[in-house]
Amino acid sequence: MTALDEFLLEPREDRLASLAPVIPALLRKPFLTEETEPELFRAARAREDDLRQWFHATLGWRVRISNLGRYVRLFKRRHQPPQDRSCLPREGAGKISVLVLTLLCLIAEQLWRRPEITFGDLQREVIRTCAAESGAGRLPAFQVVTQAGEPRAKAEQHRRAFVDACELLREWGFITSDGPLTAAGTDAGNDIVITCNPERLNDLLAAPAISQLQIDLSQPHTHVAKLCEDQAALPDHASENQRDLQRRHRALRAVIDDAVVPLGGDGIEATYLASPGGRRQAVQAAMVAGLTCVVRRDLWLTADSGRRSTDLDFPQPHSIPGQAALLIVQWLNTGGAPQPLTEDACQAVIAEAKADQPEWAKSFRSNAALQTLTQEALASLVAAGILIRTSDRPPAWTTTGAHGHWRVRVATPDRRGELPLTDDALFDQDGKHEQVH
């Protein structure tokens, strides 16, 4: 047994006790700074060797602790990254648009060259870069001033996206400013000075030069494989210990990072988690990460009721999209849903519920609004591991079996009463839902 196996299988309580808050925090937000999380930063520094070893032994991920830059960075990579998640989660917000992410990369590139720059100069440099590449379709046509014949809303959207990209960098601790960025979108705010931390910026994958990343911009489908070369399939001459280590890393990454891991089939994750040793290691890793596991014959569910390791919040019975998602779960539990699922079939389920209770989802009257509601509901079910997207054109999904974990009860209003359904709600006001154990 190697030293890493001993660390994973027989952890000392006193060794991991001080890391208990740090590991979930890094899984939730892979970039922690001293100014935003001073206690977590001190705890990470005090046991940095154990912290690095735990992530390396358990998940095969690298942790960097910078005393000079005063931050902790988890390089969280997977050979098959989840497609439904934003790469930069933001508190209280949904997925980040492609435009904002593109502008964030362009801003990081400019800050790498000029660590201190005014908001106006930064914006002009990005406009100039986009203008040179937009003709070939390599970058979007970025304009913050309304052009002749174009709607004003487009320029406003671009200004807002630029501010959002700067705000993301500020929230993560990469940049500071001598004024509010939200006011910098106006001409009067263009003199706001933005200062970046070069060392922190160097650990943002969007910032280093392309020559450092060694990727081909014209071949985006190769980027994940290039950045995750350490997770590629092993050569034929690899030892059995190397193969065991890779199987363990892939399986434990899935348990720690995904809400549901289907155990059917002959995949690496399913095979490893079906073994007694793999199950024991996965449960131990989840406990250290502050997660709770429900193990069934056909699937492995991971829950984070305290939301210490993830931003995932399911179910959401008080929101209309959350209620729509639960309607689809209820439909799946009846056994009448076709396989694979289509968007039209799911939209029909939601439309039927709305027809039965017209006071529900009153703001979603048109077909276009119902389609948007259906798409939001499906996205939440994919994030919760209940559905897996199997096709893009046309869009189609298949179930993982996790829908059987939930028993949904729809609140039926008394139509004989005089009081209408309040708060646009379909489910019980206390958000009751039951888990099947």
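**Questions about a predicted chain**

The chain has 17 helices and 14 strands (DSSP runs numbered from the N terminus, H or I over at least four residues for helices, E over at least two for strands). This is a predicted model in which local features need pLDDT of at least 70 and side-chain atom pairs count only at pLDDT 80 or more, while totals for chains, interfaces and linings use all residues. Residues are numbered from 1 along each chain as its sequence is written, and side-chain values use heavy atoms, leaving out hydrogens and water.

User: What percentage of the 437 residues count as buried?
Analyst: Buried means under 20% relative accessible area, exposed means over 50%, and partly exposed lies in between (1.4 Å probe, protein chains only). The accessible surface of the chain comes to about 23000 Å², and carbon and sulfur atoms hold 51% of that surface (Shrake-Rupley method, 1.4 Å probe; for residues, only the protein chains shown count as cover). Of the 437 residues, the share that counts as buried is 43%.

User: Which element gives the most residues to the largest nonpolar core?
Analyst: A nonpolar core is a set of buried Ala, Val, Leu, Ile, Met, Phe, Trp, Tyr and Cys residues joined through side-chain atoms within 4.5 Å. The largest one has 37 residues, and Phe314, Ile328, Trp360, Ile386 and Leu387 touch the most other members. Two or more residues come from each of β9 (299-303), α15 (320-333), α16 (343-356) and α17 (367-383). With nine residues, the element that gives the most is α15.

User: Which threonines does Leu387 touch, not counting residues up to four places away in sequence?
Analyst: Leu387 is among the members of the largest core that touch the most others. With contact taken as heavy atoms within 4.5 Å, its partners include Leu332, Leu341, Leu378, Leu381, Val382 and Trp397. The threonines in that list are Thr398, Thr399 and Thr400.

User: Which side chains make polar contacts with the side chain of Asp203?
Analyst: Asp203 sits in the loop between α9 (198-202) and α10 (210-213), and its 7% relative accessibility is why it counts as buried. A polar contact is a pair of N or O atoms within 3.5 Å; within protein, one must be able to donate a hydrogen and the other to accept it, and residues adjacent in sequence count only if both atoms are side-chain atoms. Leaving aside neighbours within four places in sequence, Asp203 is also in contact with Arg73 and Phe75. Its side-chain polar contacts are at 2.7 Å with Arg64 and at 2.6 Å with Tyr71.

User: Which residue forms a salt bridge with Glu34?
Analyst: Side chains of opposite charge can pair when their charged atoms come close. Here a salt bridge is a side-chain nitrogen of Lys or Arg within 4 Å of a carboxyl oxygen of Asp or Glu, and the structure holds 17 of them. Glu34, in the loop between β1 (31-33) and α4 (38-46), pairs with a residue 36 places away in the loop between β2 (62-66) and β3 (71-75). The closest N and O atoms are 2.8 Å apart, and the partner is Arg70.

User: Is Arg200, which forms a salt bridge with Glu35, buried or exposed?
Analyst: The closest N and O atoms of this pair are 2.8 Å apart. The bridge links helix α9, where Arg200 lies, to the loop between β1 and α4, where Glu35 lies, 165 residues apart. Glu35 counts as exposed because its relative accessibility is 51%. Arg200 has a relative accessible area of 4%, so Arg200 is buried.

User: What is phi of Ala361 near?
Analyst: Ala361 lies in the loop between α16 and α17 and, because its relative accessible area is 0%, it is buried. Its phi is positive, in a residue other than glycine, and is near 50°.

User: Which proline follows Arg393 through a cis peptide bond?
Analyst: Omega of this bond is near -10°. The proline lies in the loop between β11 (387-392) and β12 (395-399). Another cis bond runs from Gln339 to Pro340, with omega near -5°. The proline after Arg393 is Pro394.
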